[in-house]
Each structure stands twice: as C-alpha cells, then as structure tokens.
Amino acid sequence: AEAELVRAQRFESLAMLAGGLSHDLRNLLQPLLLAGESLQDYQDDPRLARLGKLVRDCGKRGLDMVQSMLSFARGARRAEQVRLGGLLDALKLLLQGSVPRTISLDVVVDDPELSFSGNHTELQQCLLNLCLNAIQAMPGGGRLTVESAQTSLPAEFFRDDENREECPYLRLSVIDTGDGMDSEVLARLYEPFFTTKESGTGLGLVSCQRIIASHGGVMRVESSPGSGTSFHLYIPLTELEETTEQGDDSSLQGEAE
Ligand code: ADP
C-alpha cells in the first residue's frame with residue numbers, strides 16, 4: 001500500500017508538471033510550425049524549402065507529443081458520478097498499510113449513498129495527501145479522523161458575483177491531533193515546493209487545491225502549534241450532466257487550457 005501511495009502521489013505531480021509544460025511548449029511550437037510551413041513554400045531556394053519542411057515536421061511531431069501530454073494531464077479529470085461511501089471505503093483500504101499502530105483511524109461516513117458529480121480518482125488522491133500529511137504530523141501517535149457532512153458554504157467564501165451560497169455542499173474533513181502549524185507555515189501552505197520535511201515535495205497541498213478548485217470547491221484549514229490540524233474540503237453537490245459522460249471534461253476545468 002505504501003508503494004501505491006508513493007506511486008499515486010508521483011503520478012499527480014507528474015500530471016501537474018505535464019500540464020504546465022505542455023501548455024508552455026505548445027505556445028512555443030505553434031509559431032515554429034507556422035514558420036516552417038511558410039519556409040517550405042519558398043520557391044526560390046530549394047535548400048530553404050527543405051529546411052522549412054524539416055522545421056515543420058519537427059514542430060508537428062512536437063505538437064503531437066504535447067497533445068498527448070495534455071490528454072495525460074487531463075486524463076483523470078472526467079466528471080463522473082462519485083459515491084461518498086465508495087470514495088471513503090477506497091481511502092480506508094489505501095490507508096490500511098500506512099497507519100502506524102500508534103495512530104487510531106476513524107472514518108465516519110454520514111451518508112454512504114450520497115453521490116455527486118466529480119472525479120473519484122482525484123478526490124481520493126486529495127484525501128490521501130491530506131491523510132499522509134496528518135500521519136506525518138503525528139510521529140508520537142494520535143488520532144486521525146476523516147468525516148463527512150452535508151452543509152452549506154461558509155460565509156467567508158461568499159462572492160457577490162455568484163449565488164454559491166444557495167448550493168448544498170459536501171464537507172470532507174481530515175482531522176489530526178498532531179504537531180499543528182504556526183502562522184509562518186500556514187501562510188506558505190499552498191506555495192508549490194514549500195515543505196518543512198526533509199524528503200517532502202511541497203506539492204501535496206498544491207495538488208489538493210487544484211483538485212478541489214476543479215470541482216468548484218474550496219479548502220479551509222484550522223491549525224495551531226500543538227493542537228493539531230483540520231483540513232476541510234467544501235465540494236458543491238451537483239448532479240452529473242448527461243453530456244459529460246461522452247468524455248466532455250468541460251465541467252471539470254483544468255488550468256492546462
Ligand atoms: P509535503 O508534504 O511534501 O511537505 P505539502 O504541500 O503536502 O508538501 O505540505 C506542505 C507543508 O505543510 C508540510 O511540509 C508541512 O509543514 C505542512 N503541513 C501539511 N499538512 C500538515 C498537517 N496535517 N500537520 C502539520 N503540518 C502540515
């Protein structure tokens with residue numbers, strides 16, 4: 001299970017990297033391809049035309065590769081019907097091997113049949129990241145609680161331009177009784193590559209935030225040194241639209257566009 005966790009985390013980091021890279025590469029390659037195409041049509045100098053064809057062909061190959069990188073980065077982003085019970089059962093299974101004896105794990109599912117539009121793999125990855133952080137924050141043991149509740153969006157997240165407050169939300173909470181965080185760490189929490197761990201990547205929470213944002217949700221954290229940490233994920237409970245099943249991933253928008 002440990003290896004699986006590492007693999008899943010690597011995959012997520014890789015997807016993030018691939019998404020960012022391919023976006024930038026595409027912007028570089030497109031003008032190159034166009035330049036190659038115009039050179040290729042250059043009648044006066046066959047040597048230039050040959051070079052143009054070379055540039056065009058390489059640009060084209062590059063763009064094809066970029067396209068497959070983009071699909072990879074978006075791969076897991078399909079909207080599907082997520083069942084709460086299934087999501088938390090899978091999480092429990094994945095955690096089994098990684099929770100030391102000194103930590104008691106409590107997963108509370110208030111309504112296993114609750115289902116909503118989202119992405120199972122991504123949400124599982126996000127919860128997993130939070131749980132692994134929680135475990136690492138409790139070297140001397142403690143209690144890890146994952147709980148769910150139907151609620152509304154906390155007022156601090158209301159924006160005038162939306163009526164988000166009307167929508168019902170699912171709150172998923174990951175609560176630990178570990179070291180907690182001081183205000184300096186809290187302020188830098190979502191910075192890519194920010195880590196206080198010797199072998200940390202500093203990408204776990206960035207990736208969580210990306211996933212929750214792509215679900216139209218928000219993350220909230222409560223923590224203070226010595227009193228543990230609670231992460232709350234607020235996810236809007238929306239129905240899966242028929243059209244999204246045909247592989248249209250527009251309802252979960254990524255930033256790799
Ligand atoms: P990483 O786990 O690789 O360091 P993250 O982005 O997941 O990267 O976390 C960034 C930092 O936030 C961690 O290094 C740690 O200092 C802090 N942190 C995250 N979750 C917790 C937690 N549950 N308790 C205490 N500190 C935490």
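How many helices and strands does the protein have? Here are some friendly notes to help you find your way around.

1. **What you are looking at.** This is a predicted model, in which local features need pLDDT of at least 70 and side-chain atom pairs count only at pLDDT 80 or more, while totals for chains, interfaces and linings use all residues. Residues are numbered from 1 along each chain as its sequence is written.

2. **The parts list.** The protein has six helices and seven strands. Here helices (H or I, at least four residues) and strands (E, at least two) are DSSP runs, numbered from the N terminus. Going along the sequence, you meet them in the pattern α-α-β-α-β-β-α-β-β-α-α-β-β.

3. **The sheet.** Five strands form an open sheet with mixed pairing, in the order β2-β4-β5-β7-β6. Two strands pair if DSSP finds at least two bridges between them. At the edges stand β2 (103-108) and β6 (218-223), each with a single partner strand, so one side of each is left without a neighbour in the sheet. On average, neighbouring strands of this sheet are turned by 15 degrees against each other, direction ignored.

4. **Walking across the strands.** Try starting at β4 (residues 142-151), which pairs with β5 (residues 169-176) in the antiparallel sense over eight bridges. Thr145 has Ile175 in β5 as its bridge partner. Ile175 also stands opposite Ser230 in β7, so to speak a stepping stone for your eye. β5 and β7 (residues 229-236) pair over eight bridges, in the antiparallel sense. From β7, six bridges lead to β6, and these two strands run antiparallel. Val221 stands opposite Phe231 in β7.

5. **Two helices that cross.** The axes of α3 (residues 84-95) and α4 come within 10 Å and cross at roughly 45 degrees. Axes are lines fitted to C-alpha atoms, for helices over the stretch in contact, and angles run from 0 to 180 degrees between N-to-C directions. That angle makes α3 oblique to α4: under 35 degrees counts as roughly parallel, over 145 as roughly antiparallel, 65 to 115 as roughly perpendicular, and the rest as oblique.

6. **A covered helix.** Buried residues make up 30% of the 257 residues in the protein. A residue is buried if 20 or more other C-beta atoms lie within 10 Å of its own, exposed if 12 or fewer, and partly exposed in between, with C-beta atoms placed from the backbone. Helix α6 is mostly covered, as nine of its 11 residues are buried. Among them are Gly204, Leu205, Cys208 and Arg210. After α6 comes Gly216, whose phi is positive, near 75 degrees.

7. **Around the ligand.** Which residues are closest to the ligand? They are Asn133, Ala137, Thr195, Gly200 and Gly204, out of 22 residues that surround the ligand. A residue is near a molecule if its C-beta atom, placed from the backbone, lies within 6 Å of it. The elements giving two or more residues to this shell are α4 (120-136) and α6 (204-214). By class, the shell has nine nonpolar, 10 polar and three charged residues. Ala, Val, Leu, Ile, Met, Phe, Trp, Tyr, Cys and Pro count as nonpolar, Asp, Glu, Lys and Arg as charged, and the others, Gly among them, as polar.

8. **A look at Arg78.** You can find Arg78 in the loop between α2 (46-74) and β1 (80-83). Arg78 counts as partly exposed because it has 19 C-beta neighbours inside 10 Å. Its C-alpha atom is separated by 47 Å from that of Gln43, 35 residues apart along the chain.
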